[in-house]
Amino acid sequence: MLVKMFHGFCMALADSVPGVSGGTVAFILGFYEKFIDALHGLFGKDNGARKAAVLYLAKLGVGWCLGLCLSVVALNDLFQTKTYFLSSLFLGLTAAAFPFILRTEWWALKGKGRYLPYTLLGVALVCGLSLVRGAASGGGVIDYWSLGVGELLYLFVAGALAIMAMVLPGISGSTLLLIFGVYAPTLYALRRLLALDLEVLPGLFALALGVLVGVGVSIRWIRAALRRNRAKMLYFILGLMAGSLYAIVMGPTTLSPPQQALHLETFHLGGFVLGVGILIGLERLKLLIARREARAEKTEDGTQGEEEAQSGGSPQGPA
């Protein structure tokens, strides 16, 4: 249970920052397939699978909520005062994810270079969204304390698309929120909600409703696509990740007031290295958890063997 809660905690930290998605962290830590199957079971018709999915996702969700609250409290102030440090850190997180995914999925990517156009499609999709953001949002900044019908609908669509990105390894849902210009306002609104400011509830409800609809619509497609066309999806995911680098560089321009995009003079090497180090730490943690689970299974098998030997070779005992 603690391992599952920790998995959820790590996913929340990833989901709350632009760069690596929670799906990518699940991929790196080795529980992505189980996570996707649980989401599929939650919306399926099998009652047994649904109960198992609810139990698994509840354990994951406790850690996720803890991680989100910690991120909201920490990131809201940091994103305003340490904008370029965080942007550099997000770049490090995203760049470091490439070798991990390539190494893990090389068996599916090897010899499939003909699918490279899917990578270009992913890059074009993210960069295109970044370029049209101003026009899509009317060039303004979302204000959770003064929302009309159009802004509520905009938040709903942003939430639906963001959760699709969070579930899919590759682009972070927070990167999409950054592209749509609602990342920093949402962080601040969540911070105010924790302080019991209920005026932000309509906007957050619209965003959350979009999240629920996005999960229901996308999960079956993502699960099926990864199983039937894994190589194509992986090339597409790599393209989303590459495009998110551009979105992160342009992220400061979505703040209120807008700041200059990240460039060589404002790039923070320490933040970039820290982002890389976080991903390496997660990979090491995955190996540690895998070794502990292997030892636990070996110990359990040995104990069962001793019990069977003492009972005459039968689990039920002597006749």
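How many aromatic pairs does the rule count here? The count comes to three, and two of them are described below, with the caveat that this is a predicted model.

Let's start with Tyr115 and Tyr118, an edge-to-face pair with 6.1 Å centre to centre and 75° between the planes. Tyr115 is buried, because its relative accessible area of 17% falls under the 20% cut-off. Its partner Tyr118 is partly exposed at 32%.

Then there's Trp145 with Tyr188, a tilted pair: the centres sit 5.6 Å apart and the planes make 50°. This pair ties together distant parts of the chain, 43 residues apart. Trp145 belongs to the loop between helix H7 (116–136) and helix H8 (149–167), while Tyr188 is in helix H10 (residues 183–194). Both rings' residues are listed here, along with a valine we'll get to next.

| Residue | Relative accessible area | Class |
|---|---|---|
| Trp145 | 32% | partly exposed |
| Tyr188 | 39% | partly exposed |
| Val213 | 37% | partly exposed |

Val213 is part of helix H11 (residues 201–228). On the surface, Val213 joins Phe205, Leu209, Leu212 and Val217 in a nonpolar patch of about 490 Å².

Finally, the start of the chain. Helix H1 (residues 2–15) has 14 residues and runs 20 Å from first C-alpha to last, close to the 20 Å expected at 1.5 Å a residue. And which residues of H1 are buried? They are Met5, His7, Gly8, Cys10, Met11, Ala12, Ala14 and Asp15.

Notes: Residues numbered from 1 in each chain as written. Predicted model: local features only at pLDDT ≥ 70, side-chain atom pairs only at ≥ 80, totals over all residues. Heavy atoms only, no water. Helix = DSSP H or I, 4+ residues; strand = E, 2+ residues; numbered from the N terminus. Expected span 1.5 Å × (residues − 1). Buried < 20%, exposed > 50% of the residue type's maximum accessible area, 1.4 Å probe, protein only. Patch = residues over 30% accessible without salt bridge, like charges linked within 9 Å, V, L, I, M, F, W, Y side chains within 5 Å. Areas by Shrake-Rupley, 256 points an atom, 1.4 Å probe, with all protein chains shown as cover. Salt bridge = Lys/Arg side-chain N within 4 Å of Asp/Glu carboxyl O. Phe/Tyr/Trp six-rings, centres within 6.5 Å; stacked < 30°, edge-to-face > 60°.
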